[in-house]
Number of protein chains: 6
Amino acid sequence: MLNSMSRWVGKQVRLKLNAWRVVEGVLQGYDSYLNLLLVEAMEVKNEGNQRINIGTCFVRGNNISVIETLDSTKI
Amino acid sequence: MLNSMSRWVGKQVRLKLNAWRVVEGVLQGYDSYLNLLLVEAMEVKNEGNQRINIGTCFVRGNNISVIETLDSTKI
Amino acid sequence: MLNSMSRWVGKQVRLKLNAWRVVEGVLQGYDSYLNLLLVEAMEVKNEGNQRINIGTCFVRGNNISVIETLDSTKI
Amino acid sequence: MLNSMSRWVGKQVRLKLNAWRVVEGVLQGYDSYLNLLLVEAMEVKNEGNQRINIGTCFVRGNNISVIETLDSTKI
Amino acid sequence: MLNSMSRWVGKQVRLKLNAWRVVEGVLQGYDSYLNLLLVEAMEVKNEGNQRINIGTCFVRGNNISVIETLDSTKI
Amino acid sequence: MLNSMSRWVGKQVRLKLNAWRVVEGVLQGYDSYLNLLLVEAMEVKNEGNQRINIGTCFVRGNNISVIETLDSTKI
């Protein structure tokens with residue numbers, strides 16, 4: 001199943017973390033624990049009305065609930 | 001026990017995540033960590049009165065509490 | 001220790017999940033991560049005054065805090 | 001370090017779980033994930049003023065924060 | 001990295017657990033999962049104004065956020 | 001992916017932990033579980049208006065959500 005994720009590398013993704021916090025960015029890489037490396041990452045608050053720049057960041061897999069792609073890429 | 005899950009692939013499932021958030025969708029795949037791949041996924045809020053389209057998404061196993069099938073499929 | 005769990009298969013159990021949510025059902029199976037498969041499962045709310053039918057479901061081990069048996073089975 | 005735990009088998013322990021819920025009971029067994037089997041278990045609420053009988057139960061290791069012994073056993 | 005921890009054995013440490021609860025004590029031992037064994041442990045509440053004796057206890061690694069040393073030991 | 005982290009050793013990083021608590025410090029080391037060793041660490045509160053000195057500390061990987069670098073280092 002994880003290899004499906006490879007098609008999302010280089011694409012814009014939206015992550016729902018613990019307490020449903022939202023981080024968006026371009027997926028640069030991932031490992032077998034679903035730890036993700038994002039570039040051009042943003043924290044998205046208040047239903048999208050507020051966007052805080054993060055830049056390059058690691059996001060720890062076990063605190064991610066949902067990973068969505070913002071591209072129309074099919075898996 | 002995990003192979004029981006194979007009978008739910010292609011079927012509609014409902015996930016209760018941390019803080020009892022609810023996501024429904026068609027189960028496309030899963031791995032040994034119970035990470036799930038859903039298509040036609042929806043976030044379900046306010047006891048089902050509000051449904052937010054997600055589309056294709058990964059749901060991280062360790063933040064899932066309960067996985068129910070919305071089909072009458074027996075295991 | 002896990003093999004003690006085998007005596008509870010087929011019996012009624014009560015699970016306390018994260019945030020002390022309560023799910024009861026008949027234990028159908030389990031794996032080495034204490035992921036459980038329940039049938040005839042119910043979510044129990046308001047100190048037992050409200051019971052919501054779930055049916056067959058997987059309950060993810062790492063979000064379970066306490067597993068009790070509602071039978072008088074000794075381990 | 002885990003073998004220090006063996007001296008607490010058969011003794012009264014107090015567990016602080018997620019959200020600092022308190023469960024006390026006699027430690028019957030444990031495994032390498034610090035999943036515990038308790039007998040004569042009680043949920044302790046309101047600073048000890050309320051005690052709810054659980055009986056025999058499994059307590060999942062990853063939702064335990066602190067394990068104390070109520071005996072004066074030294075490790 | 002974990003072997004840096006060995007220099008803190010026998011020293012006073014402060015642990016920030018889930019929900020930022022604070023436990024202080026002398027580090028007696030640890031394992032590869034960063035499960036810790038403390039002696040002379042105290043729960044510290046209200047910014048240090050309230051200290052509750054715990055004594056000897058295990059602290060489960062995955063519910064620890066931060067481990068600080070209260071000695072000036074350098075790593 | 002983890003080896004990308006090596007370029008951040010010796011650099012200033014910002015960690016978002018569970019409940020979005022913020023700790024900043026110089027990354028001294030890390031292991032395969034993304035447990036981190038920081039020096040000159042600070043807890044940052046109230047949107048950066050309050051900074052509490054921690055010094056040398058371990059930060060447990062599984063309670064970290066996001067790791068950002070405060071340097072302009074590219075990965």
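Let's call a residue buried under 20% relative accessible area, exposed over 50% and partly exposed in between (1.4 Å probe, protein chains only). This is a predicted model, where local features need pLDDT of at least 70, side-chain atom pairs count only at pLDDT 80 or more, and totals for chains, interfaces and linings use all residues. Residues are numbered from 1 along each chain as its sequence is written, chains are lettered from A and ligands numbered from 1 in the order in which they are written, and side-chain values use heavy atoms, with hydrogens and water left out.

**Exercise 1.** Work out why Cys57(E) has no disulfide partner.

*Solution.* Start with the cut-off: a disulfide needs two cysteine sulfur atoms within 2.5 Å. The closest cysteine sulfur to that of Cys57(E) sits in Cys57(D), 20 Å away, so that's too far for a bond. Next, check accessibility: Cys57(E) comes out at 0%, so it is buried. Finally, the tally over all chains is 0 disulfides.

**Exercise 2.** Find the symmetry relation between chain A and chain F.

*Solution.* Superpose the copies by least squares on the C-alpha atoms of residues with pLDDT of at least 70 in both. A 60° turn with a 0.0 Å shift along the axis lays chain A on chain F at an RMSD of 0.0 Å. That makes the axis six-fold. In chain A, Asn62(A) has the C-alpha nearest the axis, at 6.5 Å.

**Exercise 3.** Track down the salt bridge between chain A and chain F.

*Solution.* Look for a side-chain nitrogen of Lys or Arg within 4 Å of a carboxyl oxygen of Asp or Glu. The count here is 1. The partners are Glu43(A) and Lys16(F), at 3.6 Å from N to O.
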